[in-house]
Amino acid sequence: MPSTEKQAAYILGTLLVAWGFVTTILLIASSAAVSANEPMLFGFSQADITPDATMRLSGYGSRETPYEGVDGPLRVRAMVIRTTDRQLHALVSLDTIGLPGTLVNLMAKKLEKSHGITRERFVVCFTHTHTAPHISGGLTNIFAKPLSQEELKNARIYTEHVYQTVLSSIDKAISDLAVGTLKYSSGQVEFAQNRRVLQDGRWTGFGVNPDGPVDHSLPLLQVHGEDGKLRGVLFNYACHCTTLGGRHYRINAEWAGYACDRVESAHAGAVALCTIGCGADANPNPRESLDAAKLHGNTLATEVNRLIAGPMRPI
């Protein structure tokens, strides 16, 4: 396929992901409108999933030793919507590189049994940080040096902890359900850069491709309580959480974590959920420093806070 066709296909894909982010909520709202006598309810929660055992960080196969410290906490953040037909919908965002599909399906079965949340109404998202612990059943094959027995054991224990924390976070979000209003807006942040370096139309490696396709849009949903106070915000940016490279051996939620923390600090009591869209071909720019990760997080949070303060479209 010619490079122009590839770029067109990529751009279409990123637009579809951004649009899907919005239309999922729009479909929920419109399908529930038949029972307008019942108000929509929203609930939020968050919990800590920072490890305390000897573990290898995931994301880079060159790492051969366990992490050396903690820059900041890793979290699970949950949002639950009860639509006007009394159906529950749950979305969680985790500060991890990802979870195996088998584990997500186990969560889904548990939620359907305990809360009647069917698989199509349960979404698991990740900030995709490359400075979070290896997950059991995940990317074991990327490591040049195999994990030790202690690391494998601790990964299994940690993965079980993450599994239980996701479920308990959804329980807490359900307990937090209250009447609210849902609004939508979209902004733009420009630190994502295409990372597929091409020469004569062929990929030659990772780097910065200023002419490559990238999605800088920042779609955002926010929920306000009956008192007008912000209760939660959900935003999506299509970019890897790879500001910190493989030489960084400390736990860190990356730019997504810094962005969420800053938004929550600006709006006491609110929960900020960040999701990563079609960002496989995009890296933050610049990279390779803690200051850069904080800068990207602050840049994104500034745009989120601007959108929160500005005009929004009610859903």
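Trainee: Which word fits R82 and E38, buried or exposed?

Mentor: Both R82 and E38 are buried, a word kept for residues under 20% relative accessible area, whereas exposed means over 50% and partly exposed lies in between (1.4 Å probe, protein chains only). This is a predicted model, in which local features need pLDDT (the predictor's confidence in each residue, from 0 to 100) of at least 70, side-chain atom pairs count only at pLDDT 80 or more, and totals for chains, interfaces and linings use all residues. Residues are numbered from 1 along each chain as its sequence is written, and side-chain values use heavy atoms, with hydrogens and water left out.

Trainee: Why is the contact between R82 and E38 called a salt bridge?

Mentor: The term asks for a side-chain nitrogen of Lys or Arg within 4 Å of a carboxyl oxygen of Asp or Glu; the closest N and O atoms of R82 and E38 are 3.2 Å apart, so the pair qualifies.

Trainee: What makes R196 partly exposed, and D281 buried?

Mentor: R196 has a relative accessible area of 26%, so R196 is partly exposed, while D281 has 19% relative accessibility and therefore counts as buried.

Trainee: How do you know that R196 and D281 form a salt bridge?

Mentor: Their closest N and O atoms are 2.7 Å apart, so the pair meets the cut-off. R196 lies in strand β8 (residues 196–199) and D281 in the loop between β13 (271–276) and β14 (282–284), so the salt bridge ties together parts 85 residues apart in sequence; strands (E, at least two residues) and helices (H or I, at least four) are DSSP runs, numbered from the N terminus.
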